[in-house]
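Dear colleague,

I am passing on the structure we spoke about, and below it you will find my notes on its internal space and on the surroundings of its ligand. Please read them with the model open beside you.

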Amino acid sequence: MALDSNTWFTEIFQNEGTAFSLQIKQHLHSEQSAYQTLDIYDTETFGKLMVIDGCVMLTQRDNFLYHEMMSHPALFTHRNPKRVVIIGGGDCGTLKEVLKHADVESVIQVDIDERVTRLSEQFFPELCECNEDARASLLFEDGIAWMKNAPDGSADVIIIDSTDPVGPAEGLFATDFYRECNRVLGAGGVIVQQSESPLLHSHTIIKDVQADLLAVGFASVRTLPFPQPVYPTGWWSATMAIKEGDIEAFRKEDSTSRGFKTSYYNEAIHQAALAVPEFMKDLNA
Ligand code: SAM
């Protein structure tokens with residue numbers, strides 16, 4: 001069945017021989033920023049859609065899955081997270097989740113492309129409602145260069161909320177970058193990196209991310225899978241590592257009594273996401 005290209009947005013995953021489509025009402029915006037092509041659509045059933053370089057970034061309907069799993073497991077794994085750094089994350093959905101933690105004192109977000117944030121403010125205001133929080137600083141520069149200049153031990157949690165490992169984000173999936181992150185994290189520091197699809201990338205990207213994090217000195221690493229209907233295969237992952245201790249030991253009681261609203265994350269989801277599927281057990285055995 002052929003789709004009418006005027007009413008459908010389709011992302012083709014050539015290497016996998018699959019594609020994902022959303023029926024659109026309107027193409028609301030298109031621009032070429034200094035770094036990437038940015039498009040905003042209004043869809044029939046998933047709300048507004050942001051696309052970067054032809055790849056789906058987020059929709060209003062399902063972004064909570066990604067943003068909650070990129071933030072809360074890491075924040076409830078650190079013993080006492082006060083200083084958080086987000087690399088990428090320009091749509092500000094992860095920032096909004098991090099700021100729900102009352103004990104967090106500062107969040108520095110470093111996205112290379114200011115236009116992503118400005119478009120999110122315009123088309124996804126619900127993700128940006130905490131951007132004026134006094135604890136948040138939004139910087140627009142290369143996260144790799146920023147990390148090189150950050151002082152030793154100056155962060156408790158680093159969240160790498162990046163695009164796919166091509167273009168400006170390629171260096172965010174690299175041993176040198178993780179080494180800098182390890183240096184910038186204080187004792188007990190936790191890092192989390194969006195790490196693509198468990199089904200497609202376990203024995204390539206995910207295996208490499210895990211190996212690189214262990215190689216630069218993190219003590220324990222785990223990939224947490226979660227559903228993400230609009231990403232390739234509908235299944236995504238966050239790979240988390242800790243400088244000392246056990247990645248499975250999280251603040252379960254604090255997670256249970258967290259005192260803020262989530263739509264997906266809770267202590268049982270956190271526990272369940274730590275389970276390793278059989279086909280991922282040999283990644284860095
Ligand atoms: N949820 C998305 C995903 O998994 O595909 C990621 C969303 S977020 C919009 C990704 C952000 O990473 C983009 O805004 C992009 O500008 C930013 N980014 C890419 N490379 C970067 C770099 N080297 N430094 C800082 N930000 C970067």
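The lining of the largest cavity draws at least two residues from each of β4 (48-52), β5 (55-59), α1 (63-77), β6 (83-88) and β7 (106-111), and among the elements β5 gives the largest share, with 4 residues. Please keep in mind throughout that this is a predicted model, and that the values below were computed from it.

The largest cavity holds about 410 Å³ of space. It is lined by 33 residues, and those closest to its centre are Met57, Gly89, Asp161, Ser162 and Thr163. Sorted by character, the lining of this cavity consists of 17 nonpolar, 9 polar and 7 charged residues. With a threshold of 30 Å³ or more, the count comes to 1 cavity.

Where does the ligand sit? The ligand sits in the largest cavity, and 23 residues surround it, of which Asp111, Asp142, Gly143, Pro168 and Tyr231 come nearest. This shell around the ligand is made up of 9 nonpolar, 8 polar and 6 charged residues.

Three polar contacts to side chains may be worth inspecting on your screen. In the side chain of Asp111, an N or O atom is 2.7 Å from an oxygen atom of the ligand, while in the side chain of Asp142 an N or O atom is 2.9 Å from a nitrogen atom of the ligand. For Tyr66, a polar side-chain atom lies 3.5 Å from a ligand nitrogen atom. As for how far the ligand is covered, it exposes 600 Å² when taken alone, and the protein buries 99% of that area.

Apart from the cavity, there is also a pocket to consider. The largest pocket has a volume of about 420 Å³, and 22 residues line it, with Glu11, Cys55, Asp164, Val166 and Glu196 lying nearest its centre. The elements that contribute two or more residues to the lining of this pocket are β1 (8-13), β5 and α6 (198-215). By character, the residues lining the largest pocket divide into 11 nonpolar, 6 polar and 5 charged.

If you go through the model in this order, β5 is a convenient place to start, since it appears both among the elements lining the largest cavity and among those lining the largest pocket.

With best wishes

Note on methods: Residues numbered from 1 in each chain as written. Predicted model: local features only at pLDDT ≥ 70, side-chain atom pairs only at ≥ 80, totals over all residues. Heavy atoms only, no water. Near = heavy atom within 4 Å. Polar contact = N/O pair within 3.5 Å; in protein donor to acceptor, adjacent residues only side chain to side chain. Areas by Shrake-Rupley, 256 points an atom, 1.4 Å probe, with all protein chains shown as cover. 1 Å grid on protein atoms, 1.4 Å probe; cavity = no way out; pocket = protein on both sides within 12 Å on 5 of 7 lines; lining within 4 Å. Sits in = over half its atoms within 2 Å of the grid points. Nonpolar A, V, L, I, M, F, W, Y, C, P; charged D, E, K, R; others polar. Points joined across faces, edges and corners; volume = space filled by probe spheres on them.
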